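Morning, everyone. I have one structure to walk you through today. Please take a look at it before I start.

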Amino acid sequence: MTRSRVVEPSPIAFIGGVLAIISCFLAWGEYPDPFDVPLQFLWDKDATGGVKLGIPLVAVAAVVALFSVSAVEPFVFLRRLGGVALLGATALFVVQLGRRIGWDNLSAGNIDVGPYLGGAGGLLALLSPS
């Protein structure tokens, strides 16, 4: 009897998606949460207003968590692509934060737990086995 690979969860990827979702509701540096970070901040350190980073971030994190329960190849690819997007958004945020407050002032005290969890979630989603 063969097992169906349609529903074959990847627990590591699921944990990554959950960590990324949790990161969406925690502080990101000088911002109380990513729903206060302008999305344009990832490209322009002086950006204010407009669409917020938290909206696409929580959507990608939810898709990563949802796609981690299936071993179908397109879902695995999209889950890993979501992991890359989470890692990219986190890296861009930290770079712009460093540009805004100065690289010498960029330390663990200026970066709260949100980007750490977002980056860890992206890394787990990217590297977890199928």
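**Helix α3, outside and inside**

Val 84 counts as partly exposed, because its relative accessibility is 44%. Keep in mind that this is a predicted model. Val 84 sits in helix α3, which covers residues 73-101. What lies 9.3 Å from Val 84, C-alpha to C-alpha? That is Gly 119, 35 residues apart from Val 84 in sequence.

Now the surface. Val 84 belongs to a nonpolar patch of about 500 Å². The other contributors are Val 72, Phe 75, Phe 77, Leu 78 and Leu 81. Take Phe 77, which is also on helix α3. Is Phe 77 buried or exposed? Phe 77 is exposed, because its relative accessible area is 54% and the cut-off for exposed is over 50%.

Next, the aromatics. The structure has 6 aromatic pairs. One of them joins Phe 41 and Phe 93. Their ring centres are 5.7 Å apart, and the planes meet at 55°, so the pair is classed as tilted rather than edge-to-face, which needs over 60 degrees. Where do the two partners come from? Phe 41 is in the loop between α1 (11-23) and α2 (54-67), while Phe 93 is in helix α3. The pair therefore ties together parts that are 52 residues apart in sequence.

How accessible are they? Phe 41 is buried, at 0% relative accessible area. Phe 93 is buried too, with a relative accessibility of 0%. Phe 41 and Phe 93 also join Trp 28 and Tyr 31 in one aromatic cluster.

To recap helix α3: Phe 77 is exposed, Val 84 is partly exposed, and Phe 93 is buried.

Conventions
Residues are numbered from 1 along each chain as its sequence is written. This is a predicted model: local features need pLDDT of at least 70, side-chain atom pairs count only at pLDDT 80 or more; totals for chains, interfaces and linings use all residues. Side-chain values use heavy atoms; hydrogens and water are left out. Helices (H or I, at least four residues) and strands (E, at least two) are DSSP runs, numbered from the N terminus. Buried means under 20% relative accessible area, exposed over 50%, partly exposed in between (1.4 Å probe, protein chains only). Rings of Phe, Tyr and Trp (its six-membered ring) pair if their centres lie within 6.5 Å; planes under 30 degrees apart count as stacked, over 60 as edge-to-face and the rest as tilted. Patches are made of residues with over 30% relative accessible area and no salt bridge: like charges are joined within 9 Å, nonpolar side chains (Val, Leu, Ile, Met, Phe, Trp, Tyr) within 5 Å. Accessible areas come from the Shrake-Rupley method with a 1.4 Å probe; for residues, only the protein chains shown count as cover. A salt bridge is a side-chain nitrogen of Lys or Arg within 4 Å of a carboxyl oxygen of Asp or Glu.
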